[in-house]
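Work through these exercises with the model open beside you. Each task is followed by a stepwise solution.

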Amino acid sequence: MSLPAPGSVSEALDVLSRFRVEFYECLYARADALFELTDAVLCADGPVETLVELSLAVEHRRGHGAMYAALDRGRLEPTRLRRALAGLPLPKAADGRIVLAVDVSHWLRPDAPTSADRLFCHVYGRGDRSSDQLVPGWPYSFVAALESGRTSWVALLDAARLGPADDATTVTAAQLHDVIERLISAGHWRPGDPDILIVMDSGYDVAYLTHALADLPVVLVGRLRSDRVMLRDPGPARSGPRGGRPRRHGGVLTFKKPDSRHEPDVTTTTDTTRYGTATATAWDRMHPRLTHRGPWLNHAKEELSILHGTLIRLNVERLPGDRDPKPVWPWCSATAATAADVDCWWQSFLRRFDLEHTFRLMKQTLGWTAPKVRNPDTADLWTWLIIAAHTQLRLARPLAEDLRRPWERPAGPRRLTPARVRRGFRNVRATAARPARAPKPSRPGPGRPPGSKNKQRARRHDVGKTIKRAESIKEHQAQQG
């Protein structure tokens, strides 16, 4: 097993220490307790199941009362932490392109009627995609930078909680716009570099996001549902005695009807070890039919433009678990694609699932959804602490040793999983910067008098949206006043 070069080890330690100091400076209230709580998450033995167990870690030098008070009264500046995350070394694809993924993960709170701002989160049963249900919780939108190749590592860059009055598409557009501007300001993208690639699943309106991010150097790739249709460009204008307005749309390509497909512009075949032979078929200059619905209602006074892109049909030979493979339909906002571009797009889209591994790590190992907090602001604070913890794991990859179990296979230094890096983070922490101050001796408060009862009942909140989305232009204009 080859070890990293000494120069890279010292440089990685400097980057980790610098981020730890910047993270500490982002904590404006109860900074020492919150910083040590994050170290306890990273150094705890086993998965984080309850908050009170973290106060027993050696790295947490304060009591459990100080920990709960820090989460209740602590304060973190997200804007400053976002700039610190954007200034860190960023993973890129094999061709040097930045690939971003956006997805939503839910913090389910079904038994918390006193928690505000809960929404109905669409979730699936374990192992069964047909048993979907709506569970109250807090949905969070994450943006992360992806690496190349098969890995479970991503670089988390931003998180935003979707509130009852928020439109998910509008919030995502603003979130991506801010993330890309921070990356450009940090020097990760310069004029002449390849456009930043953004991949997303079918739950996003990729057409509207393409329109909202038109002023940025980005290319969007989003999966479409299998029941969708796309439109071709109209043919040559027909001359006649009446004249009239030329057609805006041509023929229709229906995904479920093979007879509606015309000759593709690009077809590629790739041999993969996991999916067998992958065949990608692409049609150039395909556009969706836009209507004044959803986020497009804000453009009711203007004629919607035609957004040309490349439609891809990806079909694989097999899927893990002997499942029946079904074609996937990604749509890319770029046109005039070559065979190399098509392969880059669908392979980057498959890398989006690396973000799912991060969600599983955050929930099952780092304990993101373990605390039973009531206030949504406390949930936001805890979410940023988990993001800072995951970022430190990513920066400690060249420094951690492989403390594997006897039944586990050895892994190289750059092939360690986040869980294995966490096992050795206690040793890495001993050499990194520790800006938190030692606790001062104090006496515990008197607490509630014995025998007294809490007569201030907590307020109960309804679940769901507080603003109904308009279904037509007239309804939208009536809501605007």
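**Exercise 1. Describe the second largest pocket: its volume, its lining and the character of that lining.**

Solution.
Step 1. The second largest pocket holds about 420 Å³ of space. A pocket is found on a 1 Å grid over the protein atoms alone, as an open set of points where a 1.4 Å probe fits, with protein on both sides within 12 Å along at least five of seven lines. Its volume is the space filled by probe spheres set on the points, which are joined across faces, edges and corners.

Step 2. Before going on, note the ground rules. This is a predicted model, where local features need pLDDT of at least 70, side-chain atom pairs count only at pLDDT 80 or more, and totals for chains, interfaces and linings use all residues. Residues are numbered from 1 along each chain as its sequence is written, and side-chain values use heavy atoms, with hydrogens and water left out.

Step 3. Count the lining: 15 residues line the second largest pocket. Lining residues have an atom within 4 Å of a point. Y68, D72, V373, R374 and T378 lie nearest the pocket's centre.

Step 4. Find the main contributor. Helix α3 (residues 64-73) gives the most to this lining, with five residues. Helices (H or I, at least four residues) and strands (E, at least two) are DSSP runs, numbered from the N terminus.

Step 5. Sort the lining by type. Eight residues are nonpolar, three polar and four charged. Here Ala, Val, Leu, Ile, Met, Phe, Trp, Tyr, Cys and Pro count as nonpolar, Asp, Glu, Lys and Arg as charged, and the others, Gly among them, as polar.

**Exercise 2. Classify the ring pairs F19–F23 and Y24–F35, and place each ring.**

Solution.
Step 1. State the rule. Rings of Phe, Tyr and Trp (its six-membered ring) pair if their centres lie within 6.5 Å; planes under 30 degrees apart count as stacked, over 60 as edge-to-face and the rest as tilted. The model has 13 aromatic pairs by this rule.

Step 2. Apply the rule to F19 and F23. Their centres are 6.4 Å apart and their planes 10 degrees apart, a stacked pair.

Step 3. Place them. Both sit in helix α1 (residues 6-25), and because they are four residues apart, about one helical turn separates them. F19 is buried at 1% relative accessible area, and F23 is buried at 0%. Buried means under 20% relative accessible area, exposed over 50%, partly exposed in between (1.4 Å probe, protein chains only).

Step 4. Turn to Y24 and F35. Their ring centres lie 5.7 Å apart with planes at 85 degrees, so this pair is edge-to-face. Y24 is in helix α1 and F35 in helix α2 (residues 31-43), eleven residues apart, and the pair links distant parts of the chain. Y24 counts as buried at 15% relative accessibility; F35 is buried at 1%.

**Exercise 3. Which residues of helix α8 are buried, and how are they arranged?**

Solution.
Step 1. List them. In α8 (residues 354-364), the buried residues are D354, L355, T358, F359, L361 and M362.

Step 2. Look down the axis of α8. Its buried residues fall within an arc of 160 degrees, so they line one face of the helix. The arc is that of the directions from the helix axis to the C-beta atoms.

Step 3. Follow F359 further. F359 belongs to one aromatic cluster with W107, W138, Y140, F142 and W368.

**Exercise 4. Locate the positive phi angles of D117 and R285.**

Solution.
Step 1. D117 has phi near 65 degrees, a positive value in a residue other than glycine. D117 lies in the loop between β3 (99-108) and β4 (119-125), and is partly exposed at 30% relative accessibility.

Step 2. R285, also not glycine, has a positive phi near 55 degrees. Its place is strand β12 (residues 276-286). R285 is partly exposed, at 38% relative accessible area.

**Exercise 5. Set sequence separation beside C-alpha distance for A66–L34 and S348–A69.**

Solution.
Step 1. A66 lies in helix α3. A66 and L34 are 32 residues apart in sequence, with 9.4 Å between their C-alpha atoms.

Step 2. S348 lies in helix α7 (residues 339-350) and is buried at 9% relative accessibility. S348 and A69 are 279 residues apart in sequence and 43 Å apart, C-alpha to C-alpha.
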